[in-house]
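Colleague: I would like to learn how to read a model of this kind, one feature at a time. Could you take me through it?

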Amino acid sequence: MSDQQGLFEFADLPEWEQAAAEDLQVAEVVFNLPLEKPYTYSIPDEFRELLKAGMRVKAPLGRGNRTVVGYCVNVRQAESAIRKLKPIHEVLDSEPLLNDVMLKLTHWIGERYLCGWGQVLDSVIPAGVRRKSGTRLVQSFELSSKADQLIEAGKLPKKQQTVVDVLREFTEPVAATRLCELAECGPGPITALRKKGIVTALRIRSEVSGEMLEDAVQTEDLILNSQQQQTLDKILSAVRSGEHSTMLLHGVTGSGKTEVYIRSIREIVSYGRQAIVLVPEISLTPQTIRRFRCRFKSVAVLHSHMTDSERHWQWQQIAQGQIEVVVGARSAVFAPTPNLGLIVIDEEHEPTFKQDSTPRYHAREVARYRCMQERVPLLLGSATPTLESWLRATRRQDTLLSMPDRVAELPLPPVVVVDTRNDPRIGKGSSLGRALFTSIGRALNEKGQVILFLNLRGYSPTVWCRSCGTGVKCPDCDITLTWHRDRAEAVCHSCDYSIPAPEKCPTCESAAVRYFGTGTQKLEAEVAAAFPAARVLRMDSDSMRKPGSHDEALEKFRHGEVEILLGTQMIAKGLDFPNVTLVGVIDADSMLNQPDMRASERTFQLIAQVAGRTGRSSRGGRVLVQTTNADAPSIKYASKHDFMGFAYHELQQRKETGAPPFSTVTRVIFRGMSEPQVCETAREVANKLRTVAKDLDPEARILGAAPAPITRLRGYYRFHLQIAAPSHERVKLLWQRVEGKLKLPDSVEMAVDVDPINSR
Ligand SMILES: Nc1ncnc2c1ncn2[C@@H]1O[C@H](COP(=O)(O)OP(=O)(O)OP(=O)(O)O)[C@@H](O)[C@H]1O
Ligand SMILES: [Zn+2]
């Protein structure tokens with residue numbers, strides 16, 4: 001519209017409305033609520049210049065006009081001057097906490113994961129950044145406007161004169177301690193000057209600086225092999241294109257993917273841009289992090305042990321462009337890099353990239369959207385990609401890059417599947433079958449190291465009464481207790497409820513309480529007894545509670561102070577130890593028998609990943625997998641290191657049942673203290689969805705409502721329903737029609753999980 005046209009249109013309005021329309025600016029504000037639409041407020045004059053999108057405000061909400069903190073997401077001209085709007089009460093920030101790209105990204109997350117924009121903002125902006133922790137008010141002084149006049153009038157004592165002289169050298173207020181230092185005086189002369197009106201006191205917000213990690217010793221780049229070089233060339237051409245693309249780097253364990261990430265990042269850093277590297281969990285990937293820190297000057301590692309002020313400081317360093325590479329877990333996808341060049345997601349298949357509280361986003365999808373917005377590539381890497389990513393690559397929606405061979409022409413280790421059904425040792429209650437027992441002995445004799453993988457922690461996963469046949473369960477959860485012998489307690493792995501190991505069955509009072517199954521603690525005891533000369537180290541979430549304990553444990557293993565490392569999936573991730581000549585999977589069945597659509601996929605991933613920890617040097621290595629399901633496809637394909645075979649087989653199965661990735665699933669979970677109420681609410685919502693779906697989307701299927709697999713958790717009763725539909729867009733349309741009209745009882749909570757990966 002030309003200016004002239006605009007003027008004419010204005011002229012058509014009645015005079016009083018004209019004036020109002022010229023002035024009236026409104027702010028759109030979202031709150032930490034599951035609502036999709038922003039509220040509109042008027043902006044009082046005093047905030048007109050100040051308020052920008054991305055700042056927090058205080059505003060009245062609801063009928064009671066409670067003052068609530070929200071996020072201003074847009075400032076715009078009012079469409080009509082007539083509406084009566086409530087005013088903003090207060091603006092809380094002097095600078096926006098988020099730029100436009102981040103506002104758009106968080107808005108998208110709300111839409112994609114069916115939650116409120118304000119909920120997303122509240123979770124994405126670190127608490128320390130919101131509270132500006134690390135900044136504090138500092139008492140400072142400056143010369144008053146009347147200083148010259150007042151000083152003329154009478155001569156100042158020497159000390160006071162010095163203070164004035166110091167202040168004259170500064171154009172800005174000087175902090176009290178600094179002023180005393182420079183004027184070599186105590187607070188007396190300053191106070192005297194204040195009383196005379198020569199000096200004014202102010203409180204200034206000043207920053208506490210964080211500490212950079214001390215610089216790691218920089219090491220040289222490795223010479224890439226031809227497979228790595230070809231892959232790098234393809235990535236670089238994507239980087240140089242200035243366009244977005246998603247690349248899936250499928251490289252077997254030990255193919256040197258990390259080196260390829262590093263070299264790709266080196267290129268984008270040379271353009272003055274920044275990279276974000278997402279890893280499954282910071283504390284579990286010390287080796288990967290060290291490798292980045294040895295190769296780049298300014299690496300920010302975002303981890304969960306940081307204090308609020310450290311996090312705030314890091315956030316600012318990143319926002320100012322001081323950081324070349326940001327390494328962090330899932331939430332680092334929101335790092336405020338001013339000039340993003342690339343996002344890398346290492347071990348793309350790890351479930352930790354999905355957040356399991358609102359907003360239940362998947363970092364891969366958020367990264368994809370962010371990279372699209374910023375027109376930069378996204379690089380996903382894994383030896384065992386998710387079927388979601390694999391399907392996209394085979395359909396050429398994403399680019400597939402393959403590194404089928406290990407570096408230095410090392411072969412992948414042979415995997416032997418051991419059927420334990422007739423094993424004499426297992427029959428006698430041992431967890432180490434004959435073949436594994438012999439192999440451990442041999443590996444130790446040859447001075448090799450051993451990794452043993454078992455996915456159950458504790459001593460015995462089931463406490464069971466032989467007399468009445470019931471498991472001893474947590475009173476708050478639908479889960480049998482696990483015996484932890486070291487604590488002499490039976491523990492719930494969901495809520496940490498614990499009781500002294502029961503001597504009598506709580507149900508029938510019989511003394512026939514038995515402990516069944518093997519957890520990592522029992523395995524540790526068994527291994528130590530079977531190989532008394534070997535030093536054994538256990539790694540699971542019980543033994544690794546202290547920050548830094550992983551790193552310490554892995555250092556011991558690296559230096560050969562430990563011969564046998566055993567543990568849960570913690571030991572399956574990214575470890576690179578050349579001296580490991582044997583990997584044993586104690587019980588592949590425990591993963592396979594989970595009531596989860598992805599049990600087979602997870603089993604394949606875990607076996608392939610843990611198998612990948614051996615044969616990483618010329619010493620070679622072997623893998624033994626103990627199972628009673630030797631014919632299960634996940635185990636068969638993993639033993640041949642055949643990801644493509646597995647993916648083909650599993651995708652075929654999923655296609656037949658219309659399961660993801662061939663459809664989308666959204667799970668809605670209800671919980672509350674009253675079982676009938678939760679059940680009824682869940683059924684009502686399911687029925688409403690069915691009714692709407694009949695007209696709107698006949699292809700959408702509503703499953704349930706039904707009790708959730710874990711019906712009681714932490715004292716709550718839980719029911720769920722699932723919406724299966726061809727696309728996210730269609731689930732959204734359906735859900736939006738229903739959600740607005742829902743009136744849930746106060747005592748029932750509801751959570752929406754789009755693309756759930758946890759079906760408990
Ligand atoms: N071009 C190279 N020349 C020599 N050594 C290399 C080269 N590239 C990588 N390596 C080494 O090979 C080992 C395996 O590499 P890396 O850990 O990057 O593999 P990966 O593909 O990430 O493995 P995983 O998926 O198992 O984590 C490392 O010790 C690394 O230093
Ligand atoms: Zn419990």
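The dialogue below goes from the domains to the ligand, then to a helix and some backbone details.

Modeller: Please keep in mind throughout that this is a predicted model.

Colleague: Into which domains is the protein divided?

Modeller: The division gives domain 1 (21–130), domain 2 (135–207), domain 3 (226–409), domain 4 (415–461 + 517–655) and domain 5 (664–754). As for their placement, the C-alpha centres of domain 3 and domain 5 lie 34 Å apart. An unreviewed UniProt entry lists residues 238–403 as "domain: Helicase ATP-binding", and over that range the chain is 34% helix and 22% strand, with end C-alpha atoms 18 Å apart.

Colleague: How many residues surround ligand 1, and which are the closest?

Modeller: There are 19 residues around ligand 1, the closest being Thr253, Gly256, Lys257, Thr258 and Glu259. Helix H12 (residues 257–270) gives the most to this shell, with 3 residues, while domain 3 (226–409) and domain 4 (415–461 + 517–655) each supply at least three. Sorted by class, the shell has 6 nonpolar, 10 polar and 3 charged residues.

Colleague: What span should helix H25 have, and how far apart are its end C-alpha atoms?

Modeller: A helix is expected to advance 1.5 Å a residue, so the 22 residues of H25 (residues 675–696) should span 32 Å, and the 31 Å between its end C-alpha atoms agrees with that. The buried residues of H25 are Val678, Thr681, Ala682, Val685, Ala686, Leu689 and Ala693. They cover an arc of only 130° around the axis, and therefore lie on the same side of H25. The face turned away from that buried side carries the exposed residues Pro676, Lys694 and Asp695.

Colleague: Where are cis peptide bonds found?

Modeller: Omega is the angle to inspect here: it is about -5° for the cis bond that joins Thr358 and Pro359, and about 10° for the cis bond that joins Gly704 and Ala705. Pro359 is placed in the loop between strand E13 (340–346) and helix H15 (363–374), whereas Ala705 is found in strand E28 (residues 701–713).

Colleague: Asn65 and Leu114 have phi near 50°; is each of them buried or exposed?

Modeller: Asn65, in the loop between strand E3 (56–61) and strand E4 (66–77), counts as exposed because it has 11 C-beta neighbours inside 10 Å. Leu114, in the loop between helix H4 (100–112) and helix H5 (117–124), counts as buried because it has 23 such neighbours inside 10 Å.

Definitions and conventions: Residues are numbered from 1 along each chain as its sequence is written. Chains are lettered from A and ligands numbered from 1 in the order in which they are written. This is a predicted model: local features need pLDDT of at least 70, side-chain atom pairs count only at pLDDT 80 or more; totals for chains, interfaces and linings use all residues. A residue is near a molecule or strand if its C-beta atom, placed from the backbone, lies within 6 Å of it. Helices (H or I, at least four residues) and strands (E, at least two) are DSSP runs, numbered from the N terminus. Ala, Val, Leu, Ile, Met, Phe, Trp, Tyr, Cys and Pro count as nonpolar, Asp, Glu, Lys and Arg as charged, and the others, Gly among them, as polar. Domain bounds come from an automatic or database domain assignment. UniProt positions are given in the numbering used here, feature names are shortened, and annotations may be inferred rather than shown by experiment. The expected span of a helix is 1.5 Å times one less than its number of residues. A residue is buried if 20 or more other C-beta atoms lie within 10 Å of its own, exposed if 12 or fewer, and partly exposed in between; C-beta atoms are placed from the backbone. The arc is that of the directions from the helix axis to the C-beta atoms.
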